[in-house]
Amino acid sequence: MWANDSARGPCFRPMNITLEERRLIASPWFPASFCLVGLASNLLALWVLAGARQGGSPVRSSFLTFLCGLVLTDFMGLLITGAIVVSQHAMLFDWPAVDPSCRLCRFMGVAMVFFGLSPLLLGAAMASERYLGITRPFSRPAAASRRRAWTTVALVWAAALALGLLPMLGLGRYTLQYPGSWCFLTLGPAPGDAAFGLLFALLGSLSVGLSFLLNTISVATLCHVYHGQEAAQQRPRDCEVEMMAQLTGIMVVASVCWMPLLVFIAQTVLRSPPAMDPAGQLSRATEKQLLIYLRVATWNQILDPWVYILFRRAVIRRLQPGLSARSRSLSLQPQLSRRPTVA
């Protein structure tokens, strides 16, 4: 706790901003529009997913279950955090006066970490599932695909929630961030703050890196099957190519949106001399950078559902009618030997 803010609670630190500047920065229209677009996008994706899950193979059902968990996470993240941010922007309430015990700030901090880390962990889980399905199709029972997928999603949520609750146990702190409308982990030099920031950045970066590695191997395996000497006898099914296209798109979106923030967090807590002074104040440039990177990261929650919506076979075939004709011609080729396809 900082000495000059001890009367206001542990989540409030000095912030170099005036009320008039907050009025200029904190327009309610941008966050409100942003949240409405994101919520509508995720609702549309859920509606499309509900139709796609009718029937289909167990493998595709498992993948769609992961997608459903991802879209639900993005939707709830926008709904919960957006409601707090939009309310603050609209009313410009004095956070220390409204929340002197820091309960709302801590709740939002947990939500920010949980809904930020969950999509990255889910992306890594989906990449692992597809890697095993493509490279080791007989290593897991197909009958339990959907149940196993929901169990994995629940474990991912539990892991992200456990990380988000660490500040409640004394590791790190959630504090109010510039321009005074949201709470997040503290980018300070204190051992607990630095450890929690590095843990968040490292776990997110490892998730993105694992997704990249496994997706690269899976795509290379599919390309080998598709273009290899035995391609005429062992063509990948359309749904396998579709799933990898969607998963690759999710990985690219997560990397572009989240890696700048994760790298910035690690650089800031490790900076020497420290970016935060002993009074708990960050420079204006650091505050603005954090806000910009956070806004970029939140685009992940809007773009994720559109990756699924636009990378479906029905959409791709409308854009490229030749692919449909080629697919039909390949399906009519006689198979000279029975070979197992990837799961």
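**Note on the predicted model**

1. Over residues 149-174 the chain is 62% helix and 4% strand, with the end C-alpha atoms 32 Å apart. This stretch is one of those that UniProt, in an unreviewed entry, lists as "transmembrane region". The model discussed here is a predicted one.

2. The same UniProt record also gives residues 29-50, 62-87, 107-128, 194-226, 247-270 and 290-311 under that heading. For residues 62-87, the model shows 100% helix and 0% strand, and the C-alpha atoms at the two ends are separated by 38 Å.

3. As to overall make-up, the chain contains eleven helices and two strands. Read from the N terminus, the order of elements is α-α-α-α-α-α-β-β-α-α-α-α-α. The chain has 343 residues, and 48% of them count as buried. Where contacts join residues at least 6 apart in sequence, 81% of them link residues at least 24 apart.

4. Helix H2 comprises 24 residues, numbered 29-52. From its first C-alpha to its last, H2 reaches 34 Å, close to the 34 Å expected at 1.5 Å a residue. The buried residues of H2 include the aromatic Phe34 as well as Pro31, Cys35, Gly38 and Leu39. Further along the helix, Ser41, Asn42, Ala45, Val48 and Leu49 are buried too.

5. The second largest pocket holds about 480 Å³ of space. Two or more lining residues come from each of H2, helix H3 (58-91), helix H5 (103-135), strand E2 (182-185), helix H8 (238-270) and helix H9 (284-310). H9 gives the most, with seven residues.

6. In total, 29 residues line the second largest pocket, and those nearest its centre are Phe34, Val85, Leu294, Arg295 and Thr298. Phe34 is also among the buried residues of H2. By class, the lining has 20 nonpolar, eight polar and one charged residues.

7. Is serine 118 buried or exposed? Serine 118, which lies in helix H5, has a relative accessible area of 0% and is therefore buried, the cut-off being under 20%. Leaving aside residues up to four places away in sequence, serine 118 touches Thr73, Val156, Trp157 and Ala160. Of these partners, Thr73 falls within the listed range 62-87, while Val156, Trp157 and Ala160 fall within 149-174, the stretch described at the outset. Serine 118 itself falls within the listed range 107-128.

How values were computed. Residues are numbered from 1 along each chain as its sequence is written. This is a predicted model: local features need pLDDT of at least 70, side-chain atom pairs count only at pLDDT 80 or more; totals for chains, interfaces and linings use all residues. Side-chain values use heavy atoms; hydrogens and water are left out. The expected span of a helix is 1.5 Å times one less than its number of residues. Buried means under 20% relative accessible area, exposed over 50%, partly exposed in between (1.4 Å probe, protein chains only). On a 1 Å grid over the protein atoms alone, a cavity is a set of points where a 1.4 Å probe fits but cannot get out, and a pocket is an open set with protein on both sides within 12 Å along at least five of seven lines; lining residues have an atom within 4 Å of a point. Grid points are joined across faces, edges and corners, and a volume is the space filled by probe spheres set on the points. Ala, Val, Leu, Ile, Met, Phe, Trp, Tyr, Cys and Pro count as nonpolar, Asp, Glu, Lys and Arg as charged, and the others, Gly among them, as polar. Contact means heavy atoms within 4.5 Å. UniProt positions are given in the numbering used here, feature names are shortened, and annotations may be inferred rather than shown by experiment.
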